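These are my notebook entries on one protein model. I looked up strand pairing first, then the cores, one histidine and the overall dimensions.

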Amino acid sequence: RILNKYQICQVQFLAYPPSVRGGVAVDTAHTASGKPMIVTHPLADSHVREIRIFDDMGGFYRSFDPGHGLSPPYFVAAGAFVPDHAGVEIAVTCSGVRHIVLFDLNGDLIKTIAIRAAIGAGASLNRGPGKDGDDLLLYNPRNERLYRIRPTTGQTTMVQFAHLPGKASIY
């Protein structure tokens, strides 16, 4: 569902067939001209090898298979990770690898970033504000570590955070 500023449903669509189980993650992006896009991927289904992109009304735009040694379920984030690239990039990784792959909205490879952080099952990949565009934030729940990754250099630093009762966290 896509909601307007009043939280009223504007449009509703299925990003994947009902046979895809475990939920679907959604992130937002925009084209070089500023057109909003929706980036989706299954959260738990290990059989779906595509990331799908839709326009802001749920119309299908494109899909692509990340390849590059990555296998589902994927961890995905969209952001302005490469300062000299027009538009938004899609960062993709998965458990068991030590790299993150950046694609443009057409699914074309921009670059691969080697990282020191171990990526385990259940990890999450997000964008955060950086010095030269967005940084990647990788959280690994197995070792309870949060890493900030600078996409321009690949520099990986561990971010300290505090735990609250009930496994809640402050970043």
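**Entry 1: a strand pair.** I began with strand E4, residues 36–42, and strand E5, residues 51–55, in this predicted model. E4 and E5 pair in the antiparallel sense, and I find 4 bridges between them. Which residue of E5 stands opposite isoleucine 38? I looked it up, and the partner is phenylalanine 54.

**Entry 2: the sheet around that pair.** I then traced the sheet outwards. It is open, has 4 strands in the order E3-E4-E5-E6, and its pairing is antiparallel. Strand E3 (24–30) and strand E6 (60–64) stand at the edges; each has a single partner strand, so one side of each is left without a neighbour in the sheet. From one strand to the next I note an average twist of 25°.

**Entry 3: another open sheet.** I repeated the search further along the chain. An open sheet of 4 strands, with antiparallel pairing, runs in the order E7-E8-E9-E10. Its edges are formed by strand E7 (74–79) and strand E10 (109–114), and because each of these has a single partner strand, one side of each lacks a neighbour in the sheet. Ignoring direction, I note that neighbouring strands of this sheet are turned by 20° against each other on average. I also checked one pair in detail: strand E9, residues 99–103, is joined to E10 in the antiparallel sense over 5 bridges. In E10, lysine 111 stands opposite leucine 102.

**Entry 4: nonpolar cores.** I asked how many residues the largest nonpolar core has. The count is 35, and the residues with the most contacts inside this core are Val39, Ile90, Val92, Ile115, Leu125, Leu136 and Leu138. Strands that each supply at least two of its residues are E4, E5, E7, E8 (89–94), E9, E12 (133–140) and E13 (145–149). E7 gives the largest share, 5 residues. I recorded a second, separate core of 8 residues, which includes Ile2, Tyr16, Ile38 and Val48. Ile38 is thus a residue of this second core, and I had already listed isoleucine 38 opposite phenylalanine 54.

**Entry 5: leucine 138.** I returned to one residue of the largest core, Leu138. Setting aside residues up to four places away in sequence, leucine 138 touches Ile115, Ala117, Ile119, Ala123, Ser124, Leu125, Arg145, Leu146, Tyr147 and Ile149. Among these contacts, Ile115 and Leu125 also appear on my list of core residues with the most contacts.

**Entry 6: histidine 99.** Is histidine 99 buried or exposed? I find histidine 99 in strand E9; its relative accessible area is 18%, under the 20% cut-off, so I class this residue as buried. A polar atom of its side chain lies 3.0 Å from the backbone oxygen of histidine 68. Apart from neighbours within four places in sequence, histidine 99 is in contact with His68, Leu70, Thr93, Thr112, Ile113, Ala114, Ile115 and Ile119.

**Entry 7: the whole protein.** I closed with overall values. The protein has 16 strands and 0 helices. Its radius of gyration is 16 Å, close to the 16 Å given by the globule rule for 171 residues, so I record the protein as being as compact as a globular protein of that length. The C-alpha trace spans about 40 × 40 × 35 Å along its principal axes. Buried residues account for 43% of the 171 residues. Of the contacts between residues at least 6 apart in sequence, 36% join residues at least 24 apart.

Notes: Residues numbered from 1 in each chain as written. Predicted model: local features only at pLDDT ≥ 70, side-chain atom pairs only at ≥ 80, totals over all residues. Heavy atoms only, no water. Pairing = 2+ DSSP bridges. Axes fitted to C-alpha atoms, helices over the stretch in contact; angles between N-to-C directions. Core = buried A, V, L, I, M, F, W, Y, C linked by side-chain atoms within 4.5 Å. Buried < 20%, exposed > 50% of the residue type's maximum accessible area, 1.4 Å probe, protein only. Contact = heavy atoms within 4.5 Å. Polar contact = N/O pair within 3.5 Å; in protein donor to acceptor, adjacent residues only side chain to side chain. Rg over C-alpha atoms; globule rule 2.2 N^0.38 Å.
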